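Trainee: I would like a close look at one part of this protein. Please take me through it step by step.

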Amino acid sequence: MSNMTAEPRVTVCESWATGGPVSELIEPRRVQLGESTQVRRLLPSLGRRMVGAWCFVDHYGPDEIAAEPGMQVAPHPHIGLQTVSWLLDGEVHHRDSLGSDALVRPGELGLMTAGRGIAHSEQSPDPHSPLLHGAQLWIALPGEERAIGPRFEHHTDLPQVTAHGLSATVLLGRLGEAASPGRVHSPLLGVDVRLAPGAAGALPLEPDFEHAVLTVSGAPEVDGRILAPGTLLYLGTGRREVPLRAEPESRFLLLGGVPFADQLVMWWNFVGRSGEEVAEARAQWQAEIAGGADHRFGAVTGYEGLPLAAPELPPTPLRPRGRER
């Protein structure tokens, strides 16, 4: 999915691990995505840039789209990251410049690795389900891994964990003995957790990871705090478990990973290590869509319409920074 902001902020991605447990609530800001979809953006936020290698978190829906076109995101480029498409309701048609053509449905993992460069589009199919609800997440690629070749994975059978009113789907990483088939490049965790009405217990955590909870429905009580849908609770590091309760049926995504050490610049749809790297990627994309000879990103076949043009670079230099403010 694209960052559709007409004038994207210069975002310095920083992982501010505190070395211990934290309970920090992050409220979303609303961002228009294309012509028909509004999202709640949780990361990057003013006070929290990353959770492990997770550097971008959007939550959208549930939106009634029975009489609407639904998601319509034209071809656009990425570098230096992985995108995770996770649906709770509806479906999204993914196409990319590798020739991938997949319909991603609820409970299925669409994992795209941009590496040195890829272009893709995302659309609600025609016809489509009446509801659209999901999350779009980005993972920063570490070190030299950011220049690997692009790829797309579509996993329809993901491992499940059930216990005491809790059921969980492992998107990425490992929870207990359940390991996702999705390939990642840093220690990482992504889990979709459902709590039955009246459920109570604790979820095991990796103490070396920092974690956060994105609530998508219901009102789960996590670490003693009742969370509204569309909010992100940052839990910090050093926890071996987190207590959970639910009066109504509830659902959230648990995101975690080892605090990310690399210095990053994130601008528009690019994750780079320098302003020059980002500027070069932008120039190459613009040349491609203008019919130039550069083919770093490639064309998305099957999409009817024009690709997205990159916005102008900001007047101030794009500078990488680390964890400190």
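Trainee: How many of the 7 residues of strand 15 (residues 166-172) are buried?

Mentor: First, some ground rules. This is a predicted model: local features need pLDDT of at least 70, side-chain atom pairs count only at pLDDT 80 or more, and totals for chains, interfaces and linings use all residues. Residues are numbered from 1 along each chain as its sequence is written, and side-chain values use heavy atoms, with hydrogens and water left out.

Now your strand. In strand 15, 6 of the 7 residues are buried, so the rest of the structure largely encloses it. Buried means under 20% relative accessible area, with a 1.4 Å probe and protein chains only. A strand is a DSSP run of E, at least two residues, numbered from the N terminus.

Next, look at its partners. Strands of a sheet pair through backbone hydrogen bonds, either parallel or antiparallel. Here, two strands pair if DSSP finds at least two bridges between them.

Start with strand 14. It pairs with strand 15 in the antiparallel sense, over 4 bridges. One position to find is V161: its bridge partner in strand 15 is A168. The two strands form a hairpin, with 2 residues between them. Look into the turn: H164 has a positive phi of about 50° there.

Then turn to strand 18 (residues 188-195). Strand 15 pairs with it too, in the antiparallel sense, over 6 bridges. T169 stands opposite D192 in strand 18.

Now step back to the sheet. It is open, has 7 strands and runs in the order 2-23-20-25-18-15-14, with antiparallel pairing. Its edges are strand 2 (21-26) and strand 14 (160-163), and each of these pairs on one side only. On average, neighbouring strands of this sheet are turned by 20° against each other, direction ignored. Angles like this run from 0 to 180 degrees between N-to-C directions, with axes as lines fitted to C-alpha atoms, for helices over the stretch in contact.

Follow the order further and you reach strand 25 (residues 250-257) and strand 20 (residues 210-217). These two pair over 7 bridges, in the antiparallel sense. To locate that pairing, find S217: it stands opposite R251 in strand 25.

To recap, strand 15 sits between strand 18 and strand 14 in the sheet order. It is largely enclosed, because 6 of its 7 residues are buried.

Definitions and conventions:
Buried means under 20% relative accessible area, exposed over 50%, partly exposed in between (1.4 Å probe, protein chains only).
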